[in-house]
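This report goes through a protein model from one local element outward, ending with the overall dimensions and the surroundings of the ligand. Please keep the sequence and the coordinates at hand while reading.

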Amino acid sequence: MVDVKAPRVAMMDGKLVPYADALVHVDTPAFRYGAMAFEGLRAYWNAQREQLYVYRLPEHLERLAQSAKVMRFRSTPTAGQLAGGVLELLRANDLREDVQVRLMAWVDGSGGSHADGPIRYGAVAKALGRAYDVASGVQACVSSWLRSPDNAIPPRVKAAANYQNARLATMQARIDGYDVALLLDSHGHLTETPTSCVLLVRGGAVVAPPVYADILESVTRDTVLRLARDAGLGTEERPVDRTELYVAEEMFLCGSTAEIVPIVGVDQYPVQDGRPGPITRRLQDLYFHEVRAEGAEAAWVTPVYR
Ligand SMILES: Cc1ncc(COP(=O)(O)O)c(C=O)c1O
């Protein structure tokens with residue numbers, strides 16, 4: 001499971017502070033109502049080059065700005081402030097291994113759920129192991145909890161409050177003996193897992209629920225679709241029915257934290273022979289080269305050390 005070491009320092013409002021001092025008051029709207037937008041990024045250590053690379057930093061910052069806009073944050077730190085803060089944080093902790101960065105912006109003050117308080121921001125970076133086995137894959141179930149829709153608590157916005165929907169589904173799945181939950185919308189179409197996107201292989205093509213399917217507009221989903229196209233595979237972005245999950249040739253989840261993880265069974269139906277399929281393994285291979293700056297897309301990685 002996840003192996004987390006406490007880092008030396010955190011970043012608060014652009015300044016480095018001891019990790020233990022990176023605190024938020026119990027009375028803030030961020031704490032009381034989940035009025036917080038965040039991003040989970042990864043940075044990968046390339047031992048040969050002795051360099052740490054943040055993966056698709058500008059895209060994560062752009063998404064944070066979108067979340068802040070929809071949440072009507074009074075102000076938002078600039079992309080330059082946030083990028084500078086993240087890179088400084090990684091250097092200050094002298095991280096030379098694969099890490100996860102959690103970057104957050106939240107409503108401060110002591111108002112109610114509709115409060116328009118000042119915006120603060122912060123980040124922590126930690127060495128993080130893998131939650132799932134990327135080699136052997138996971139068992140999934142279709143959750144009886146539905147995904148919250150775009151016109152209620154929009155999944156496109158990466159707000160802390162969204163993750164109550166996620167937590168309910170994950171807790172239920174684990175209690176029922178599964179690794180991960182698959183969330184449907186109210187029409188019975190696939191959305192995503194509580195913390196990652198889901199893609200299938202059907203007829204040899206990679207199929208993804210579209211961005212209007214009550215999903216987070218995932219950076220990794222975008223990477224995977226581009227890698228698939230570059231590798232000559234067909235791709236489709238279209239609604240996915242529940243029963244397609246039971247007859248798919250392959251299936252996997254993807255996200256910055258999760259990376260690419262084969263789904264080898266759904267609701268006790270094995271996905272094909274119940275083992276990770278060749279397209280999933282190929283995409284994993286391409287992805288792990290990209291994130292370590294060994295792939296074709298040099299613009300997708302930001303070096304940390306000068
Ligand atoms: C609900 C949800 N969907 C999808 C993803 C994957 O998004 P990304 O690839 O940008 O990390 C995440 C992870 O951040 C998530 O929390």
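## The hairpin of E1 and E2

In this predicted model, strands E1 and E2 form a hairpin that leaves 2 residues between them, and Asp-13, which sits in the turn, has a positive phi of about 50 degrees. E1 covers residues 9–12 and E2 covers residues 15–18; the two strands run antiparallel and are joined by 4 bridges. One residue pair can be named within this ladder, since Ala-10 has Val-17 in E2 as its bridge partner.

E1 also pairs with strand E6 (residues 119–127), again in an antiparallel manner, through 2 bridges. On that side Met-12 stands opposite Gly-122 in E6. As a general point, strands of a sheet pair through backbone hydrogen bonds, in either a parallel or an antiparallel arrangement.

## The sheet and the helix across it

The hairpin belongs to an open sheet of 7 strands with antiparallel pairing, in the order E2-E1-E6-E5-E3-E4-E15. Its edges are E2 and strand E15 (301–303), each of which pairs on one side only. From one strand to the next, the twist averages 30 degrees.

Helix H3, made up of residues 79–92, lies across E1, E2, strand E3 (36–46), strand E4 (51–55), strand E5 (99–107) and E6, and it runs at about 35 degrees to E6.

## The whole protein

Taken as a whole, the protein has 7 helices and 15 strands. The radius of gyration is 19 Å, close to the 19 Å that the globule rule gives for 306 residues, so the protein is as compact as a globular protein of that length. Along the principal axes, the C-alpha trace spans about 50 × 50 × 30 Å.

Of the 306 residues, 44% are buried. Among the contacts between residues at least 6 apart in sequence, 70% join residues that are at least 24 apart.

## The shell around the ligand

Which residues lie around the ligand? They are Gly-40, Glu-192, Thr-195, Ser-196, Cys-197, Leu-216, Ser-218, Val-219, Thr-220, Arg-221, Gly-255 and Ser-256. Helix H5, which covers residues 219–230, gives the most to this shell, with 3 residues.

How does the shell divide by class? It contains 7 polar residues, 3 nonpolar residues and 2 charged residues.

Note on methods: Residues are numbered from 1 along each chain as its sequence is written. This is a predicted model: local features need pLDDT of at least 70, side-chain atom pairs count only at pLDDT 80 or more; totals for chains, interfaces and linings use all residues. Two strands pair if DSSP finds at least two bridges between them. A residue is near a molecule or strand if its C-beta atom, placed from the backbone, lies within 6 Å of it. Ala, Val, Leu, Ile, Met, Phe, Trp, Tyr, Cys and Pro count as nonpolar, Asp, Glu, Lys and Arg as charged, and the others, Gly among them, as polar. The radius of gyration is taken over C-alpha atoms; the globule rule is 2.2 Å times the number of residues to the power 0.38. A residue is buried if 20 or more other C-beta atoms lie within 10 Å of its own, exposed if 12 or fewer, and partly exposed in between; C-beta atoms are placed from the backbone. Two residues are in contact if their C-beta atoms, placed from the backbone, lie within 7 Å. Axes are lines fitted to C-alpha atoms, for helices over the stretch in contact, and angles run from 0 to 180 degrees between N-to-C directions.
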